[in-house]
Amino acid sequence: MSTVGQDPNAPWWMKYGARGVGTASGIIAMGLGFFNCLTFSAMCLVAGIYQMFAGFIVVSAEAPCCCMFIEFVQRYSSFVEDRPVWQKAIVYILLSIPGVIMCPRASTIFGSGFIFLTGTLYGMMALGKKSPKEAMMAAASRLGGGGGTAGMQPVPGGADEATSQTAVLMEEPPSWQTNQPY
């Protein structure tokens, strides 16, 4: 995980994709939040206002050019840009939850769901690339994988070693091999 700013190891398409999804999700959340305000329920009205606020937070962080006439947006966007991607992921995921809790309607679920999707994309960027197969096999063998019990006591009448949870698959299944006809 990167400690400051964007992860330099993340692919360019994922960086721009997350930013584009964030911009679109903020705009959609604001629109659906306004639609949600057209109600007779007080909680749904509050949820709609909250969703418009959450959408504005996301848009001002991801696309400050959409809010260039608001004075503090540029400083806020620079501050958010300097944060690690895992912090952005946590903020966006937590920002999407209260609206759905207040008013679980389709417009709130979709609007907050798009913000949640943005947080998920940033979370995937924070996790980084998957390790190569050889590195994962080496780590599994060092941790006591490969079918051993790794310090666990056998359960009488339990599953045999081939079906136990500690068994590690060391070969690819036949369906994953590329020479199989489809």
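A10 is found in the segment before α1 of this predicted model. With a relative accessibility of 12%, A10 counts as buried. Setting aside neighbours within four places in sequence, A10 is in contact with K15 and M125. The C-alpha atoms of A10 and M125 are separated by 6.3 Å, although the two residues are 115 residues apart along the chain. Here is a friendly tour of the rest of the structure, topic by topic.

**The overall fold**

- The chain has six helices and zero strands, and its pattern along the sequence reads α-α-α-α-α-α.
- Of the chain's 182 residues, 29% count as buried.
- Among the contacts in the chain with a separation of 6 or more, 63% are between residues 24 or more positions apart.
- The accessible surface of the chain comes to about 11,900 Å². Carbon and sulfur atoms account for 69% of that accessible surface.

**Helix α2 and its cover**

- Helix α2 runs over residues 42-62. It has 21 residues and reaches 30 Å from its first C-alpha to its last, close to the 30 Å expected at 1.5 Å a residue.
- The buried residues of α2 include C44, A47, G48, Q51, A54 and G55. Further along α2, I57, V58, V59, S60, A61 and E62 are also on the buried list.
- What covers these buried residues includes α1 (12-36), α3 (73-81), α4 and α5.
- Two members of that buried list, C44 and E62, come back below, one in a disulfide and the other in a salt bridge.

**The cysteines**

- The structure has one disulfide. C44 and C103 form this bond, with their sulfur atoms 2.0 Å apart.
- C44 lies in helix α2 and C103 in the loop between α4 and α5 (106-127), so the disulfide ties together parts that are 59 residues apart in sequence.
- The torsion about the S-S bond of C44 and C103 is about 75°, so the disulfide is right-handed.
- Both C44 and C103 are buried.
- Why is C37 not bonded to C44? The sulfur of C37 is 9.7 Å from that of C44, its closest cysteine sulfur, and this is too far for a bond.
- C37 is buried, with a relative accessible area of 16%.
- C66 is in no disulfide either, and its nearest cysteine sulfur, that of C65, is 4.4 Å away. For a disulfide, the two sulfur atoms have to be within 2.5 Å, so the C65 and C66 pair does not count.
- C66 counts as partly exposed, at 47% relative accessibility.

**The salt bridges**

- Side chains of opposite charge can pair when their charged atoms come close.
- How many salt bridges does the structure hold? There are three salt bridges.
- E62 forms a salt bridge with R19, and their closest N and O atoms are 3.8 Å apart. Because E62 lies in helix α2 and R19 in helix α1, the pair ties together parts that are 43 residues apart in sequence.
- R19 also forms a salt bridge with E81, where the closest N and O atoms are 2.3 Å apart. R19 lies in helix α1 and E81 in helix α3, so this pair ties together parts that are 62 residues apart in sequence.
- The side chains of E81 and K88 meet in a salt bridge as well, at 3.9 Å from N to O.
- Salt bridges that share partners join R19, E62, E81 and K88 into one network.
- Within this network, E62 is buried at a relative accessible area of 2%, and K88 is buried at 4%.
- R19 is partly exposed, with a relative accessible area of 24%, and E81 is partly exposed with 26%.

**A nonpolar patch on the surface**

- W86, I90, L94, I97 and I101 make a nonpolar surface patch of about 490 Å².
- L94 has its place in helix α4 (residues 85-102).
- An α-helix has 3.6 residues a turn, so residues three or four places apart point the same way.
- Is L94 buried or exposed? L94 counts as exposed, because its relative accessibility is 53%, and the cut-off for exposed is over 50%.

How values were computed:
Residues are numbered from 1 along each chain as its sequence is written. This is a predicted model: local features need pLDDT of at least 70, side-chain atom pairs count only at pLDDT 80 or more; totals for chains, interfaces and linings use all residues. Side-chain values use heavy atoms; hydrogens and water are left out. Helices (H or I, at least four residues) and strands (E, at least two) are DSSP runs, numbered from the N terminus. Buried means under 20% relative accessible area, exposed over 50%, partly exposed in between (1.4 Å probe, protein chains only). Contact means heavy atoms within 4.5 Å. Accessible areas come from the Shrake-Rupley method with a 1.4 Å probe; for residues, only the protein chains shown count as cover. Patches are made of residues with over 30% relative accessible area and no salt bridge: like charges are joined within 9 Å, nonpolar side chains (Val, Leu, Ile, Met, Phe, Trp, Tyr) within 5 Å. A salt bridge is a side-chain nitrogen of Lys or Arg within 4 Å of a carboxyl oxygen of Asp or Glu. The expected span of a helix is 1.5 Å times one less than its number of residues.
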